[in-house]
Amino acid sequence: MHNWIRGLFKGSMLGAVLAASAISAVISVSVTRTTGQATRPATVDGKPNLSGIWQANNEAHWDLEAHAARAGAVMQEGIYPYAYARVPAAPVVALGAAAGVPGSLGIVQGDGEIPYTQEAAAIKQENGDNWIDRDPELKCYLPGIPRATYMPYPFEITQSTNKIHMSYAFANAARTIHLDDVARPPDYTYMGHSVGRWEGDTLVVDVDYFNGKNWFDRAGNFHSEALRLEERFTPVTPDRIQYDVTIEDANVFTRPWRISMPLYRRVEPNMQLLEYRCTEFAEEFNYGHLRKEPLVTRWEGETMIVDITRKVPVGDALYDWYRK
Amino acid sequence: MRKRILTLLGVGLVVVVGLVGSTQVGLMGQTAGAQSDASLRTPWGEPDLQGIWTEEFDTPLERPEGFGNREFYTDEEYAEADNERARLLAGQTTTGGDRRSAPGSQNDVAGAYSNAHLSFKHLGRRTSMIVDPPSGRIPPLTQEAQALATREREWRRSLLRSTETCQLGLPACSGQDYDPVPSPRRNESPPRYNTGRMNRHDNPEDGAFGDRCLLGSLAPSETAFGGNFRRIIQTPGGVTMYYDQGQGQGFQRNIVMDGSPHLPETIRQWFGDSRGHWEGDTLVIDVTNFTPKQNFRGSRENLHLVERWTRTGPDTLEYEVTIEDPTVWIQPWTVKQELGRQSDQENRIYYEPRCHEGNYGFPALLKGARLAEEDYAAGTGQHPATFDNVTGSGIQRFPGSR
């Protein structure tokens, strides 16, 4: 027994028994791990078992590249003319500190920058400037790969022998990774056509046949229908997968580039995938202006202006005293 | 011109959206090669339900008159019924037929489905999908459910009273009197959350689920022309099912297999909460926690399904579901379907429910309604409530001003 445990219990026999049973409890949990599914063996047909519910835990869904935190997901010029003095704009101003964007060191490997062609870099900039009008996520369109993997929603892997299925909470999206030979889909796709193979303990998935309508993140990073991915899922521990993707698209990028991040198992014992059927959630966003009596009442030409009604912060005793 | 097209669309009776998901199966389906019995189990020893499965034959939910408690047709009856059905389908029908109405008419805009683009399955051997009660018919509704259904029917009917459908006394008017003054009930909310077509398009919520791309459903349905596939994938202790339900309205379903109880009452989902276990070689799934927004023949949040999935052969999977809702039916009822295995290699299933992404029809329908209101306000069009853009019994000639 380790000295620190002995010290903790000052050598008492009862202490030693308790400590030993605590250790054995920890060991038995790690062997018969349950995470919302029945006991899961370490392998399926001799391959590492990736089945279960996973989620990225990073800021890549905001921006793959390194970025400082900012006050609002949508910003406008403040009273000072400096870019760093911008303030939250109407779409998020009523949400206060809950609607900011957390900073990140980025997940793009190498020099950390996405190698856009000159024309594509300009489109990316425009995309970012017009985020709420252009991002397919806001309309609840199918998120595409790799974006679905690191959106802030869990996804579930069901690993069989010839197929590995991934279902994503967002938009009820799904994809089947074919380890066997199958015909291609009859049309280009949002979620891509995924063909997988094992290289040792790593699941390698080639994805193509995209329709070019997806983005990578909320910063306007984008690709065309020429996108090709090589995804690598490498189990590091029973509860962590290293996820690496090589991204290639000659229409948009000057060379292939790579992103990398850990994916974590949702280890809560009662974890299960719940619906996020955003087709319905986004109806006001998509069709609200076509109501007989729109909930949005201000228009400038074809632009709708959302009026926000909110109370100033109240309920704080000092604030109420001061207001008198 | 664009405005005119939008107006036409808005008053068209069927706006078809996202025609991307209705994968067609051949008449006999594509079946995989014969397998040995050993291959009906997964390498880890569970019954193997994996693959793409569909109903290869068309069987009505309820048994037609004249077959009593008989579950199957005789050979002679089958041949006669299948031929007669083929003859009818080839002709002018409301569900198919190669129909084309006068160009510029409401019905012409509406005729998006035709036999030129559809293939039909053969009739199944079963006289009905319903096997219990033995009559093959859905049990009677409770009084409560009947009253609610009547209230809803009357409200929907009131939206038609100043249309030409009623003026001409067409069947879709259901016998109510024509009144040129639109019903004041137009401003009421429906008696329960709307899921079907109504002759009003004030808001997105007035749209039918099909128009809103919210049609996918777990409950069994008749599928005369395909578009109801499911892919099952298993892992030790886990089962996932992807449903491709035509018009890109598919959905994903992950079965919880750890023996834990259902979700708390407060969590309600469109596809419910599925919890499964094995009983011998049968996968039994108990489904509850439906949202009151979903609708299966009047059953909403109290819908309870008990499904039984059994692999019956290399290319066959039996699906049996007992449907229960004591607030709607006086007794539970059971449906049985024999599903046929489809080729994995051909991979004819859409796992992209992308109805929504291509749904230009729905905003066009709303826009059409707004334009009709503008016309009326400007004195250049008839009252919007006088258009019937829902029953299919509308006037033949478009009377609008644009």
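**Exercise 1. A residue in the core**

Task: Find which residues A:Leu64 is in contact with, leaving aside its neighbours within four places in sequence.

Solution.
- Step 1. Set those sequence neighbours aside. A:Leu64 then contacts A:Gly106, A:Ile107, A:Val108 and A:Ile114, and also A:Phe216, A:Asp217, A:Asn221 and A:Ile259.
- Step 2. Place A:Leu64 in its setting. The largest nonpolar core has 82 residues, and A:Leu64 is among the five that touch the most other members. The others of that group are A:Ala148, A:Tyr168, A:Phe170 and A:Ala173.
- Step 3. Look for another core. A second, separate one has 10 residues, including A:Leu290 of chain A and B:Leu365, B:Ala369 and B:Phe387 of chain B.

**Exercise 2. How far to trust chain A**

Task: This is a predicted model. State the mean pLDDT of chain A and the share of its residues that reach 70 or more.

Solution.
- Step 1. Take the chain as a whole. The mean pLDDT of chain A is 87, and 87% of its residues reach 70 or more.
- Step 2. Pick out the weak stretch. Residues 1-38 of chain A have pLDDT below 50. Beyond near neighbours in sequence, this stretch has 37 contacts in the model.
- Step 3. Add the overall make-up. Chain A holds nine helices and 15 strands. Of its 324 residues, 31% are buried.
- Step 4. Check the contacts in chain A between residues at least 6 apart in sequence. Of these, 57% join residues at least 24 apart.

**Exercise 3. Tracing the barrel**

Task: Give the order in which nine strands of chain A close into a barrel.

Solution.
- Step 1. Follow the strands round: β3-β6-β7-β8-β9-β10-β11-β12-β13, with mixed pairing. On average, neighbouring strands of this sheet are turned by 30° against each other, direction ignored.
- Step 2. Find a parallel pair. β8(A) and β9(A), residues 193-199, run parallel over two bridges. A:His178 has A:Val195 in β9(A) as its bridge partner.
- Step 3. Find an antiparallel pair. β12(A), residues 240-248, joins β13(A) over eight bridges in the antiparallel sense. Here A:Thr246 is partnered by A:Arg258 in β13(A).
- Step 4. Inspect β3(A) and β13(A). Strand β3, residues 52-56, and strand β13, residues 257-265, are antiparallel and joined by three bridges. A:Trp54 stands opposite A:Arg265 in β13(A).

**Exercise 4. A strand of chain B**

Task: Explain why strand β5 of chain B is largely enclosed by the rest of the structure.

Solution.
- Step 1. Count the buried residues. β5(B) spans residues 251-255, and five of the five are buried, so the strand is largely enclosed.
- Step 2. Check both faces. One side carries B:Phe251, B:Arg253 and B:Ile255, the other B:Gln252 and B:Asn254; all are buried.
- Step 3. Find the pairing partner. β4(B), residues 238-244, pairs with β5(B) in the antiparallel sense over five bridges. B:Thr240 is matched with B:Asn254 in β5(B).
- Step 4. Look at the link. β4(B) and β5(B) form a hairpin with six residues between them. In the turn, B:Gly246 has a positive phi of about 80°.

**Exercise 5. Where the chains meet**

Task: Work out how many residues of chain A are in contact with chain B.

Solution.
- Step 1. Count each side. 45 residues of chain A are in contact with 42 residues of chain B.
- Step 2. Name the elements of chain A that give two or more residues to this side. They are β6 (155-159), β7 (163-168), β8 (174-178), α7 (278-281) and α8 (283-287).
- Step 3. Sort the chain A side by class. This side has 15 nonpolar, 17 polar and 13 charged residues.

Conventions
Residues are numbered from 1 along each chain as its sequence is written. Chains are lettered from A and ligands numbered from 1 in the order in which they are written. This is a predicted model: local features need pLDDT of at least 70, side-chain atom pairs count only at pLDDT 80 or more; totals for chains, interfaces and linings use all residues. Two residues are in contact if their C-beta atoms, placed from the backbone, lie within 7 Å. Helices (H or I, at least four residues) and strands (E, at least two) are DSSP runs, numbered from the N terminus. Ala, Val, Leu, Ile, Met, Phe, Trp, Tyr, Cys and Pro count as nonpolar, Asp, Glu, Lys and Arg as charged, and the others, Gly among them, as polar. A nonpolar core is a set of buried Ala, Val, Leu, Ile, Met, Phe, Trp, Tyr and Cys residues joined through C-beta atoms within 7 Å. A residue is buried if 20 or more other C-beta atoms lie within 10 Å of its own, exposed if 12 or fewer, and partly exposed in between; C-beta atoms are placed from the backbone. Two strands pair if DSSP finds at least two bridges between them. Axes are lines fitted to C-alpha atoms, for helices over the stretch in contact, and angles run from 0 to 180 degrees between N-to-C directions. pLDDT is the predictor's confidence in each residue, from 0 to 100.
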